[in-house]
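Here is a walk through one protein model. Please have the sequence and the 3D view open as you read.

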Amino acid sequence: MGVYVKKTGDTMTGALAINDTLSVSGVTTLGDTLTVTNDTTLNGALDVSNSTALGETLSVTGATTLSDTLAVTKGTTLKSTLGVTGATTLSSTLTVSGATSLQNTLSVSGAASLASTLGVTGATTLSDTLTVAKDATLEGALSVTGATSLKSTLGVTGATTLSNTLTVNKAATLKSTLGVTGATTLSDTLTVNKAATLKSTLGVTGATTLSDTLTVNKAATLKSTLGVTGATTLSSTLAVTSATTLSSTLDVAGITTLDDDLNVDGIITSANTTASTNKSTGALIVAGGAGIDPSGRKSGADPGCPGSGAGAGCIS
């Protein structure tokens, strides 16, 4: 049996119990709390103009559309996927305790702080500067296709391999050994401010210019000609074990001592004109006898021999 209520409204002061369906064709206004102890099914829209408080779980089996802001004051748990087709704005921290998968671009307009490791399994593209305030550790290769600028020191604790040219525009300082296993090409001047030690051969295929003193502490071996265009000063003995050829004048300012024979194929000319008065004076002083080839002597009768006799200086 149905209950009829006039449109203008009837007032009921006691409890109303309905054991069957309640059908309301018009607008229904409840001036106080609506308490439902069992499930409630709404076949149409539920329009709430004011705040709604749910003391228990809200279960929705179908799609849910919110035409305005969803404000949640406490924690929210989603047991499945959260799908958002439009832009999402978070005014505070987003905390994710489990793994997060982004199947498309992650765009962050402000600063992003990661309190732990950032693990990326695929390629990562940064369209602007990457600033790292502390040490950065790369467990694999660092591949850079464009120019790289380092505004401070590059410290490398392990071996460094460069598969192509290393170009340094300014001075480079090496605080330890520079080891090069292959050929080294310097297209300009090599300046060494301190002593340089070569443990093996120094091979130079072009001309070598030394603007200052060359000091050699041990024996030096030259397998070809030593050409010197300027004056050469030897502060100690010059020892030559093989034949020596001088293509021009040998000018000696001091006394010259020869410990062995002096063989001269040409004419010997002495510019000294000192006269001989005894065996220890004259332009040519010989301690022993002088052997002269007779085929080259001049006799007193020779027009080129002034006077005659041994006393006149000719050989008779």
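Which residues line the second largest pocket? The model is predicted, and in it the lining consists of Thr65, Leu66, Ser67, Asp68, Thr69, Leu70 and Ala71. By type, these lining residues split into three nonpolar, three polar and one charged. The volume of this second largest pocket is about 200 Å³.

Now take the chain as a whole. Its secondary structure amounts to zero helices and zero strands. The protein has 316 residues, and 1% of them count as buried. The area the protein exposes is about 33400 Å². Carbon and sulfur atoms account for 51% of that area.

Next, look at a spot on the surface. Leu16, Ile18, Leu22 and Val24 make a nonpolar patch there, of about 380 Å². Consider one of its members, Ile18. Its relative accessible area is 39%. Why is Ile18 called partly exposed? Buried means under 20% and exposed means over 50%, with partly exposed in between. Ile18 is at 39%, so it counts as partly exposed. A patch residue needs over 30%, and Ile18 has 39%.

Methods. Residues are numbered from 1 along each chain as its sequence is written. This is a predicted model: local features need pLDDT of at least 70, side-chain atom pairs count only at pLDDT 80 or more; totals for chains, interfaces and linings use all residues. Side-chain values use heavy atoms; hydrogens and water are left out. Patches are made of residues with over 30% relative accessible area and no salt bridge: like charges are joined within 9 Å, nonpolar side chains (Val, Leu, Ile, Met, Phe, Trp, Tyr) within 5 Å. Accessible areas come from the Shrake-Rupley method with a 1.4 Å probe; for residues, only the protein chains shown count as cover. A salt bridge is a side-chain nitrogen of Lys or Arg within 4 Å of a carboxyl oxygen of Asp or Glu. Buried means under 20% relative accessible area, exposed over 50%, partly exposed in between (1.4 Å probe, protein chains only). Helices (H or I, at least four residues) and strands (E, at least two) are DSSP runs, numbered from the N terminus. On a 1 Å grid over the protein atoms alone, a cavity is a set of points where a 1.4 Å probe fits but cannot get out, and a pocket is an open set with protein on both sides within 12 Å along at least five of seven lines; lining residues have an atom within 4 Å of a point. Grid points are joined across faces, edges and corners, and a volume is the space filled by probe spheres set on the points. Ala, Val, Leu, Ile, Met, Phe, Trp, Tyr, Cys and Pro count as nonpolar, Asp, Glu, Lys and Arg as charged, and the others, Gly among them, as polar.
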